[in-house]
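Q: I'm new to reading protein structures. Could you walk me through one, feature by feature?

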Amino acid sequence: MVNIVLVLFSVLFAILIVVAAIYFLVYFQHPDDKWIAWLPKGIVVLGLSLSAYNIFLLPLDVANQSGQLVATGQLPMSTITLSFYITTVFLVVVGVPFTVFYYEGVDDNDESDTKKSHASQIGYALKWLMPTLFFVGAIIGVMYWQVGYAVIPTTRVVGAFTTGFDVSKDYCALASSGSSVCTLQYGNRYPWVSGLVYTVALVTLAGWLIFSVFGGVGLVCLPYDLFQEFQHRPKPITAAEYAEQKKAIGQQAELLMEVGTGLTEELRDSQRSGKSRFDKRFRKLRLREAEFRKDVLILEFHYRRLEECYKMQGVNILLQYFKLVGSAILSLLWIVHIILYLLPYILKSTPYSQFLSTFFESVSPIPFIGTALYALFAFYLLLCVVKGNTKLGMRLFFFAIHPLRIGETMMNSLVFNTGIILLSSLAVAQFCTLAFAPYAKYTASNSLFGVQFQNLQGVQYVYDAFVFLLIGSAGLSVAYNIYRPYNKQRENR
């Protein structure tokens with residue numbers, strides 16, 4: 001019989017997640033986007049909700065199994081899990097790109113006093129979406145046709161067994177004493193996986209690339225930047241200092257406005273000439289535009305900091321303490337767990353310790369507490385991904401810059417970050433399933449991620465490589481921050 005209490009709690013959590021996604025949207029959106037742009041708002045709410053559901057599927061699965069081979073909660077978690085992941089793939093491959101291309105149709109308009117029609121924007125979006133879907137579909141189709149199967153190691157026990165055979169004893173290991181009753185034959189099975197599972201697996205690989213690079217950077221840079229923000233936090237200034245610094249910022253703003261006007265004219269001239277976005281000159285203009293946007297973001301940061309110093313007379317020091325200590329502890333625990341458990345597990349050796357897995361197993365029976373702690377660690381990884389994307393975007397011109405700012409984030413930036421979070425949520429869900437394998441035993445998530453995905457022909461070792469890339473990205477971030485320490489004036493140059 002289905003566990004009614006588990007179903008009710010799941011529905012309640014689902015509703016709360018949607019409410020939280022709507023609150024996130026309202027909290028971060030720019031005032032200019034109020035009561036307009038309903039399509040991207042729907043994509044943002046749906047994408048953030050799906051990302052949270054992907055994370056919460058594992059604790060729901062654990063509660064449904066209750067540590068038993070046969071699920072005590074009677075929920076069809078295999079179907080539920082795969083359904084959510086397929087929906088995620090559709091939104092990542094179709095929903096988010098269509099929305100981005102749709103609003104690029106407005107940005108690419110070369111007439112300053114008119115706007116493109118709704119039909120024209122849809123046409124522009126389809127013009128770029130259809131080739132993208134064809135390219136992605138062709139890659140997935142060819143790979144599935146060639147290597148769409150899993151390689152499952154098997155061990156066959158061959159021998160004459162009699163009544164009273166004790167399965168707890170390893171009779172085959174007694175061969176040296178002459179009393180062995182069986183032999184072991186090792187081999188592989190090659191089951192063909194479904195097309196849907198294979199599609200989810202390949203899209204998850206793209207999520208792993210984002211997660212391993214951005215997440216590794218964020219694991220280090222998030223606590224490091226919080227420490228630097230605390231060390232160089234806004235401090236009260238006098239009216240004379242405020243007026244002097246505000247004047248200097250105003251002068252820099254005027255220079256940026258002149259640069260921006262010239263850059264806009266160059267982009268319009270390039271578009272009127274019919275140049276492709278792959279044209280060398282057009283790409284150089286886009287790189288200059290990305291650099292210009294970074295300069296604007298840095299100037300806006302200094303202006304907000306100036307306002308905090310004068311009007312708010314500093315910041316809440318207790319809140320900064322809390323964020324700094326919490327971030328440092330979570331990053332440290334994750335890195336230690338990866339080193340002690342996950343890396344030896346990947347290398348087929350005995351882990352030094354189960355560490356966080358043991359902790360989650362012990363707290364999982366406690367209502368809400370176990371789920372809340374798991375969510376804390378999992379969502380922190382998504383936060384590290386967003387931080388890593390912003391950090392690399394400010395350092396490398398070929399990365400897009402879409403920072404999340406309270407009450408000042410435009411819809412295109414919200415949609416972009418939603419796509420990053422949504423794609424990374426698949427990788428984070430798989431990562432947590434592998435990192436907490438004892439906690440996730442017998443679950444549908446473990447069957448999907450730990451058995452089918454991990455044993456796919458041609459990609460079974462790629463997932464392991466991404467874990468090393470995650471640690472490598474974190475290590476490079478440490479080296480970079482040591483080599484180029486914080487300089488509060490460096491951003492102005």
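Q: Let's start with one residue. In which helix is the place of Tyr 345?
A: Before we look, keep in mind that this is a predicted model. Tyr 345 belongs to helix H8, which covers residues 317-346.

Q: Is Tyr 345 buried, partly exposed or exposed?
A: The idea is to look at the relative accessible area, where buried means under 20% and exposed means over 50%. Tyr 345 comes out at 40%, so it counts as partly exposed.

Q: And how do I read a distance between C-alpha atoms, say for Tyr 345 and Ala 437?
A: Put two numbers side by side: the separation along the chain and the separation in space. Tyr 345 and Ala 437 are 92 residues apart along the chain, and their C-alpha atoms are separated by 9.9 Å.

Q: Okay, let's zoom out. How many helices and strands does the protein chain have?
A: The count is 13 helices and two strands. The chain has 493 residues, and 41% of them count as buried.

Q: What do the contacts say about the way the protein chain is put together?
A: Start with contacts between residues at least 6 apart in sequence. Of these, 79% join residues that are at least 24 apart.

Q: What about the outside: how much area does the protein chain expose, and what do carbon and sulfur atoms supply?
A: About 26,400 Å² is exposed, and 66% of that comes from carbon and sulfur atoms. You can also look for nonpolar patches on the surface. Here, Val 5, Phe 9, Leu 12, Leu 16 and Phe 368 make one of about 470 Å². Leu 16, one of that group, is in helix H1, residues 4-28.

Q: Now the inside. Which residues have the most contacts inside the largest nonpolar core?
A: For a core, you ask which buried nonpolar residues are joined through their side chains. The largest one here has 95 residues, and the top contact-makers inside it are Phe 211, Trp 334, Tyr 374, Phe 431, Cys 432 and Phe 436. Helix H5, residues 195-231, gives the most to this core: 17 residues. There's also a second, separate core of twelve residues, with Tyr 242, Leu 285, Leu 306 and Cys 309 among them.

Q: Can we pick one core residue? What is Tyr 374 in contact with?
A: Skip the neighbours within four places in sequence, and you get Ile 55, Leu 58, Pro 59, Phe 360, Cys 432, Phe 436 and Tyr 439.

Q: Is Tyr 85 buried or exposed?
A: Tyr 85 has 1% relative accessibility, so it counts as buried. You'll find Tyr 85 in helix H3, residues 77-107. Leaving out neighbours within four places in sequence, its contacts include Asn 54, Leu 57, Val 200 and Phe 449. Try the distance reading again too: Tyr 85 and Thr 199 are 114 residues apart along the chain, with 9.9 Å between their C-alpha atoms.

Q: On to charges. How many salt bridges does the whole structure have?
A: The search finds seven. When you read one, check the distance, the places of both partners and their exposure. Take Asp 225 and Lys 387, whose side chains meet at 2.8 Å, N to O. Asp 225 is in helix H5 and Lys 387 is in helix H10 (residues 369-395), so the pair links distant parts of the chain, 162 residues apart. Both Asp 225 and Lys 387 are buried. Asp 225 also meets Lys 391 in a salt bridge, at 3.0 Å, N to O, and Lys 391 is buried as well.

Q: Why are Arg 293 and Glu 289 separated by about one helical turn?
A: Because they are four residues apart in helix H7, residues 280-310. Their side chains meet in a salt bridge of 3.2 Å, N to O. Arg 293 is partly exposed at 42%, whereas Glu 289 is buried at 13%. Salt bridges can also form a network, as with Glu 300, Arg 304, Arg 405 and Glu 408.

Q: Last one: how many disulfides does the structure hold?
A: A disulfide is a covalent bond between the sulfur atoms of two cysteines. This structure holds zero. Take Cys 221: the closest cysteine sulfur, in Cys 384, is 9.6 Å from its own, so that is too far for a bond. Cys 221 is buried, with a relative accessible area of 3%, and Cys 309 is buried too, at 11%.

Notes: Residues are numbered from 1 along each chain as its sequence is written. This is a predicted model: local features need pLDDT of at least 70, side-chain atom pairs count only at pLDDT 80 or more; totals for chains, interfaces and linings use all residues. Side-chain values use heavy atoms; hydrogens and water are left out. A nonpolar core is a set of buried Ala, Val, Leu, Ile, Met, Phe, Trp, Tyr and Cys residues joined through side-chain atoms within 4.5 Å. Buried means under 20% relative accessible area, exposed over 50%, partly exposed in between (1.4 Å probe, protein chains only). Contact means heavy atoms within 4.5 Å. Accessible areas come from the Shrake-Rupley method with a 1.4 Å probe; for residues, only the protein chains shown count as cover. A salt bridge is a side-chain nitrogen of Lys or Arg within 4 Å of a carboxyl oxygen of Asp or Glu. Patches are made of residues with over 30% relative accessible area and no salt bridge: like charges are joined within 9 Å, nonpolar side chains (Val, Leu, Ile, Met, Phe, Trp, Tyr) within 5 Å. A disulfide is a pair of cysteine sulfur atoms within 2.5 Å.
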